[in-house]
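This report describes a single chain, starting with one loop residue and moving on to the core, the pocket and the cysteines. Please read it beside the model.

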Amino acid sequence: MTEVVVSFDKNGVIKNLQANGHAGFSKKGGDIVCSAVTILIRTAMQLLSQTEYITLAADTSSRGKLAFCVEIEENLDGQRLTQIESRLKCIADFLRSGLSSLSEEYPENVLLREIQIS
């Protein structure tokens, strides 16, 4: 099973994500569920890495593990901070929607947990 834990702040801004394990729907290298989880997370990571004023620390060191942490640059003016937070909320919604859908369709293969942090 692939377990995905996504953490958000109180405003719904994504802070970090950890995905561990293989979905086990099919054999490694041909598992469509595992591939779907991977493409959702990697797409989000690509969008995050292209976003100004944030730092993305990612761990893709081994198969079956994807993790990242997002930090917003300090001392941004209010308007710019609002724009960045809006983008991060949109990326969070993308992940939540896609991963929730997979978890509902393949409950034995994908577990999504959401955590609100302060």
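## A buried loop residue

Asn 109 counts as buried, at 10% relative accessibility; buried means under 20% relative accessible area, exposed over 50%, and partly exposed in between, with a 1.4 Å probe and protein chains only. The model is predicted, so local features need pLDDT of at least 70 and side-chain atom pairs count only at pLDDT 80 or more, while totals for chains, interfaces and linings use all residues. Residues are numbered from 1 along each chain as its sequence is written, and side-chain values use heavy atoms, with hydrogens and water left out.

Asn 109 sits in the loop between α2 and β5. Helices (H or I, at least four residues) and strands (E, at least two) are DSSP runs, numbered from the N terminus. Apart from neighbours within four places in sequence, Asn 109 is in contact with Met 1, Thr 2, Ala 23, Gly 24, Phe 25 and Val 33, where contact means heavy atoms within 4.5 Å.

## Strand β5 and helix α2

Leu 112 belongs to strand β5 and is buried, with a relative accessible area of 17%. Beyond its neighbours within four places in sequence, Leu 112 is in contact with Val 4, Val 6, Arg 96, Leu 99, Ser 100 and Ser 103. Its C-alpha atom is 9.8 Å from that of Ser 101, and the two residues are 11 apart in sequence.

Arg 96 is part of helix α2, residues 78-105. With a relative accessible area of 27%, Arg 96 is partly exposed. Its contacts, neighbours within four places in sequence left aside, are Phe 8, Leu 112 and Glu 114. Arg 96 and Leu 40 are 56 residues apart along the chain, and 9.8 Å separates their C-alpha atoms.

## Nonpolar core

The largest nonpolar core has 32 residues. Such a core is a set of buried Ala, Val, Leu, Ile, Met, Phe, Trp, Tyr and Cys residues joined through side-chain atoms within 4.5 Å. Val 4, Ile 14, Leu 17, Ile 41, Phe 68, Leu 88 and Leu 95 have the most contacts inside this core. At least two core residues come from each of β1 (2-8), β2, α1, β4, α2 and β5 (110-116). α1 supplies the largest share, 8 residues. Leu 88, with neighbours within four places in sequence set aside, is in contact with Val 13, Ile 14, Leu 48, Ile 54, Val 70 and Ile 72.

## Largest pocket

The largest pocket holds about 360 Å³ of space. On a 1 Å grid over the protein atoms alone, a pocket is an open set of points where a 1.4 Å probe fits, with protein on both sides within 12 Å along at least five of seven lines; lining residues have an atom within 4 Å of a point. Grid points are joined across faces, edges and corners, and the volume is the space filled by probe spheres set on the points.

The lining comprises 24 residues, and His 22, Cys 34, Thr 38, Arg 63 and Gly 64 lie nearest the pocket centre. Two or more lining residues come from each of β2 (14-20), α1 (32-49) and β4 (65-72). α1 gives the most, with 5 residues. By class, the lining has 5 nonpolar, 13 polar and 6 charged residues; Ala, Val, Leu, Ile, Met, Phe, Trp, Tyr, Cys and Pro count as nonpolar, Asp, Glu, Lys and Arg as charged, and the others, Gly among them, as polar.

## Positive phi and loop exposure

Most residues other than glycine have a negative phi. Tyr 53, not a glycine, has a positive phi of about 70°, and the phi of Asn 75 is also positive, near 65°. The table gives the location and accessibility of these two residues and of Gly 29.

| Residue | Loop | Relative accessibility |
|---|---|---|
| Tyr 53 | between α1 and β3 (54-59) | 26%, partly exposed |
| Asn 75 | between β4 and α2 | 79%, exposed |
| Gly 29 | between β2 and α1 | 78%, exposed |

Gly 29 and Gln 83 are 54 residues apart along the chain, with 38 Å between their C-alpha atoms.

## Cysteines

How many disulfides does the structure hold? There are 0, a disulfide being a pair of cysteine sulfur atoms within 2.5 Å. For Cys 69, the nearest cysteine sulfur is that of Cys 90, 20 Å away. Cys 69 is partly exposed, at 31% relative accessibility.
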